[in-house]
Amino acid sequence: SPATLTVLRENASRRQLDTVATLPNTRRPTPLGHAGEQIHAVHFAGSRAYLVTFRRTDPLYLLDLSDPADPRTAGELVTPGFADYLFPVGGDRLAGVGHDADAQGVVQGLQVAWYDVADPAHPRLLQRRTLGGPGSPSALDHSRHGVDVATQGSRIRVALPVRVFETRQGQQVPTWQGLVRWGFDPATGAVTEHITETTRFSTPGFDPSLDDRFSLRKERARLVDTGSYYLSGGEVRHIPAP
C-alpha cells in the first residue's frame, strides 16, 4: 500500500507514543491508494479522515476512526485529477482544491471540486470546475494559507490567487494572474465563478520584475461579508462581493 494510517496513544509514564492500530492490516488488508500512487492530501475531522492519492486518477478515501483500535476504510471515490488540499464545509460536504489530469495522469489546469460525504460508504462528486492549462499554479502550491474558505448562509465560498497558463505556439506560457472566487450552493449544486485580474504577462518580452512582484508565494486572500481583501503585488485591495 502506498499509504499507511497509524493510530497513536500517548504513554505518559514512558513519555512516548504507543501504536494502537495501523491500516491496512491483516484484518483489513485493502490498500490505501493504488499501486504507484502518492499521497497528495490528508484531512482529519473528528472521527473521520479524508485521504487523496494520485497517479492517473484521484481516489478519495473516507476513513472511519470512530474505533481507534479498528480504523477502517468507509468508502472510496475515483474522480479525474487530484486535490492538494481538503476541507469539510458543513456537516456533509467536502471541498478540494488541486489540479485536473487527463486519462494518462498528465496534470492539467487548476481544479476545485465539491463532494457529498453524508453517506461515507457512497461519496459523490457534486461539482468540479477547472481553470487554465497545464502548469497553472496557485498560491496553494506554496502554502496552505494560500486559499481561503468561508461559509456564508447556505453558500460555500472559496478564494484562491492563481496564475493561468495557456498554450501558445505549442508552449505553456503565463497569460494572467489574479484572484478567483467560487461560490457553491449545496442545495441546488449551482456554482458561480468570479475572476479579478491583477496583471497580464506578455510573451515574448516577459518582464522578470513582474514575476518577483507578483510571486504567488506572497499572495493571500481573505473572504469577508462585503467581498474579499486581496494582497497582490505588495498592495491590499478590497474586491466587492459580486
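**Close-up views of a predicted model**

**Figure 1. The pairing of strands E9 and E10 in this predicted model.** Ala113 has Arg128 as its bridge partner in E10. This pair can be placed within a wider contact, since strand E9, residues 107–116, and E10 run antiparallel and are joined by seven bridges. Both strands belong to an open sheet of four strands, which follow one another in the order E7-E8-E9-E10 with antiparallel pairing. Strand E7 (82–88) and strand E10 (124–131) are the edge strands of this sheet, each of them pairing on one side only. From one strand to the next, the twist averages 20°. Strands of a sheet pair through backbone hydrogen bonds, in either a parallel or an antiparallel arrangement.

**Figure 2. The sheet made of strands E11, E12, E13 and E14.** These four strands form an open sheet in the order E11-E12-E13-E14, again with antiparallel pairing. E11 and strand E14 (191–200) stand at the edges with a single partner strand each, and therefore one side of each is left without a neighbour in the sheet. Neighbouring strands here are turned by 30° against each other on average, when direction is ignored. Strand E11, residues 148–152, is joined to E12 by five bridges, and within this antiparallel pair Asp148 has Ala159 of E12 as its bridge partner. The pairing of E12 with E13 is antiparallel and extends over 13 bridges; Val158 is matched there with its bridge partner Trp182 in E13. E13 in turn pairs with E14 in the antiparallel sense over nine bridges, and Phe184 stands opposite Val191 in E14.

**Figure 3. Two hairpins with positive phi values, at Gly153 and Gln169.** The hairpin of E11 and E12 has two residues between the strands, and Gly153 in this hairpin takes a positive phi near 65°. The hairpin of E12 and E13 likewise has two residues between its strands, and here Gln169 takes a positive phi near 55°. As background to this view, most residues other than glycine have a negative phi.

**Figure 4. The largest nonpolar core and the part played in it by strand E12.** This core holds 20 residues, of which Trp114, Leu160, Val162 and Trp182 touch the most other members. At least two residues of the core are supplied by each of E8, E9, strand E12 (155–168) and strand E13 (171–184). Among the contributors, E12 gives the most, with five residues. Why is E12 described as largely enclosed by the rest of the structure? The reason is that 10 of its 14 residues are buried, where buried means a relative accessible area under 20%.

**Figure 5. The largest cavity and the residues that line it.** Under the rule used for this model, one cavity of 30 Å³ or more is counted, and the volume of the largest cavity is about 40 Å³. Its lining is made up of Asp84, Val97, Gly98, His99, Leu110, Ser138, Leu140, Asp141 and Leu160. Strand E8 (residues 93–101) provides the largest share of this lining, with three residues. By residue class, the lining divides into four nonpolar, three polar and two charged residues. Leu160, one of the lining residues, is also among the residues named for touching the most other members of the largest nonpolar core.

**Figure 6. Backbone details in the loops that hold Arg15 and Pro24.** Arg15 lies in the loop between strand E1 (5–11) and E2, and its phi is near 55°, a positive value in a residue other than glycine. Is Arg15 buried or exposed? With a relative accessible area of 79%, Arg15 is exposed, because the cut-off for that class is over 50%. In the loop between strand E2 (16–23) and strand E3 (38–45) lies Pro24, which is joined to Leu23 by a cis peptide bond with an omega of about 5°. Most peptide bonds are trans.

**Figure 7. Asp67 and its separation from Ala21.** Asp67 is placed in the loop between strand E5 (58–64) and strand E6 (72–79). Its relative accessibility of 38% makes Asp67 count as partly exposed. Asp67 and Ala21 are 46 residues apart along the chain, and their C-alpha atoms are separated by 9.9 Å.

Conventions
Residues numbered from 1 in each chain as written. Predicted model: local features only at pLDDT ≥ 70, side-chain atom pairs only at ≥ 80, totals over all residues. Heavy atoms only, no water. 1 Å grid on protein atoms, 1.4 Å probe; cavity = no way out; pocket = protein on both sides within 12 Å on 5 of 7 lines; lining within 4 Å. Points joined across faces, edges and corners; volume = space filled by probe spheres on them. Nonpolar A, V, L, I, M, F, W, Y, C, P; charged D, E, K, R; others polar. Pairing = 2+ DSSP bridges. Axes fitted to C-alpha atoms, helices over the stretch in contact; angles between N-to-C directions. Buried < 20%, exposed > 50% of the residue type's maximum accessible area, 1.4 Å probe, protein only. Core = buried A, V, L, I, M, F, W, Y, C linked by side-chain atoms within 4.5 Å.
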